[in-house]
Amino acid sequence: MELSKKGRYKLSLFICLILAIAGIVILYYLNFSLIIQTFEDYEGAFEVVLIISIRIIILSITAYYLFHKWFKQEAQYLSDIPFLLALFFLILTFGKAIDLLWDLTFYTFNDSVVLLFLKFRFFIIIFEVAPLIYLGLEIIFFRLEDRFQKLKDKKYMNKLRMSIILIVVGIESFVVIMAPNITTMGMLLPSIVIPSLIGIVYIFYLAYRLNRLTVVKPGILTLGFLLYLFSSIFRPVMQNILGEEASYIIITELVDIFVFLIIFFGLYKK
């Protein structure tokens, strides 16, 4: 019996989830002795695990809610708003699982391993923001429809959006691969994350002004992602002040939990 389109999407999502979870479990298993050593040697390790676990749960619930919302639609398209937002939160969830592993083991690695780990995390960040940029291009193209009639063709617009995303992801990936050292990687983070978040804030603000993206609350999402932008700037500031201590991680993660609760409220709409 041939699966329906919805069935194929569910099966693909399930397989991707299983593979991603298996990958995370293997990484934790390979570094299990280092994690145990961290709990023995460093005060605050349990609190770090607890606070990041809470954030992972919040992100997981948000991703599940959005995927559920998407599958309840009569038809599913990969350009749908719930799917793109769900993809962002799902990738971010696994990104935070990697962050937790990093927080528990980074002090034991030499520079070459740290550089490899950072590059892996940067690839996750690149693919994390891609769905939001793809979503934002729809809002930008909507404003340009009157000047460029071709943008009113949905198929053409989606192909153009995908082409732009592939170019952006390709350029960012190339830069990350070519980064020669940890210092350069540290400079790349704000150059990738901050412009992306500024663009996302502007896009949701534009959606609010144009009364677009009515399946969510773009006004609240504008505020939420603006706060997320500030928290992304706040994180390295606190790192410089407190150093790589448990207190730095706990404070910044608490701020992000508050921010993502606001974002979830912006996503929830009957």
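This passage describes the nonpolar core, the aromatic pairs, a surface patch and one loop residue of a predicted model.

The largest nonpolar core of the model comprises 77 residues, and those with the most contacts inside it are Leu85, Phe89, Phe225 and Phe260. Two or more residues of this core are given by each of the helices α1 (5-30), α3, α4, α5 (111-144), α6 (154-178), α7 (182-210), α8 and α9 (246-267). The largest share, 17 residues, comes from α4. The surroundings of Phe89 illustrate how one core residue is placed: when its neighbours within four places in sequence are left aside, Phe89 is in contact with Leu59, Thr62, Ala63, Leu66, Phe260, Ile263 and Leu267. Phe89 also belongs to a cluster in which ring pairs link Phe88, Phe89, Phe204, Phe225, Tyr228 and Phe260.

In total, the structure holds 11 aromatic pairs. A pair of aromatic rings is described by the distance of the centres and the angle of the planes. For Tyr65 and Phe264, the ring centres are 5.7 Å apart and the planes stand at 65 degrees, so the pair is edge-to-face, the angle being over 60 degrees. Because Tyr65 lies in helix α3 and Phe264 in helix α9, this pair ties together parts that are 199 residues apart in sequence. With a relative accessibility of 17%, Tyr65 counts as buried, whereas Phe264, at 25%, counts as partly exposed. A further edge-to-face pair is formed by Phe67 and Phe83, whose ring centres are 6.2 Å apart and whose planes are at 70 degrees. This pair links distant parts of the chain, with Phe67 in helix α3 and Phe83 in helix α4, 16 residues apart. Phe67 counts as buried at 7% relative accessibility, and Phe83 counts as buried at 13%.

On the surface, a nonpolar patch of about 560 Å² is made by Leu226, Phe230, Ile233, Val237, Ile241, Leu242 and Ile251. Helix α8 (residues 218-242) provides the largest share of this patch, namely six residues. Phe230, one of the patch residues, is placed in helix α8 and has a relative accessible area of 47%, so that it is classed as partly exposed, below the 50% that an exposed residue must exceed.

Outside the helices, Ser79 is found in the loop between α3 (45-71) and α4 (81-105). Although Ser79 is a loop residue, its relative accessible area is 17%, and Ser79 is therefore buried, since this value is under 20%. Not counting residues up to four places away in sequence, Ser79 touches Leu84, Tyr134, Asn158 and Arg161.

Methods
Residues numbered from 1 in each chain as written. Predicted model: local features only at pLDDT ≥ 70, side-chain atom pairs only at ≥ 80, totals over all residues. Heavy atoms only, no water. Patch = residues over 30% accessible without salt bridge, like charges linked within 9 Å, V, L, I, M, F, W, Y side chains within 5 Å. Areas by Shrake-Rupley, 256 points an atom, 1.4 Å probe, with all protein chains shown as cover. Salt bridge = Lys/Arg side-chain N within 4 Å of Asp/Glu carboxyl O. Helix = DSSP H or I, 4+ residues; strand = E, 2+ residues; numbered from the N terminus. Buried < 20%, exposed > 50% of the residue type's maximum accessible area, 1.4 Å probe, protein only. Contact = heavy atoms within 4.5 Å. Core = buried A, V, L, I, M, F, W, Y, C linked by side-chain atoms within 4.5 Å. Phe/Tyr/Trp six-rings, centres within 6.5 Å; stacked < 30°, edge-to-face > 60°.
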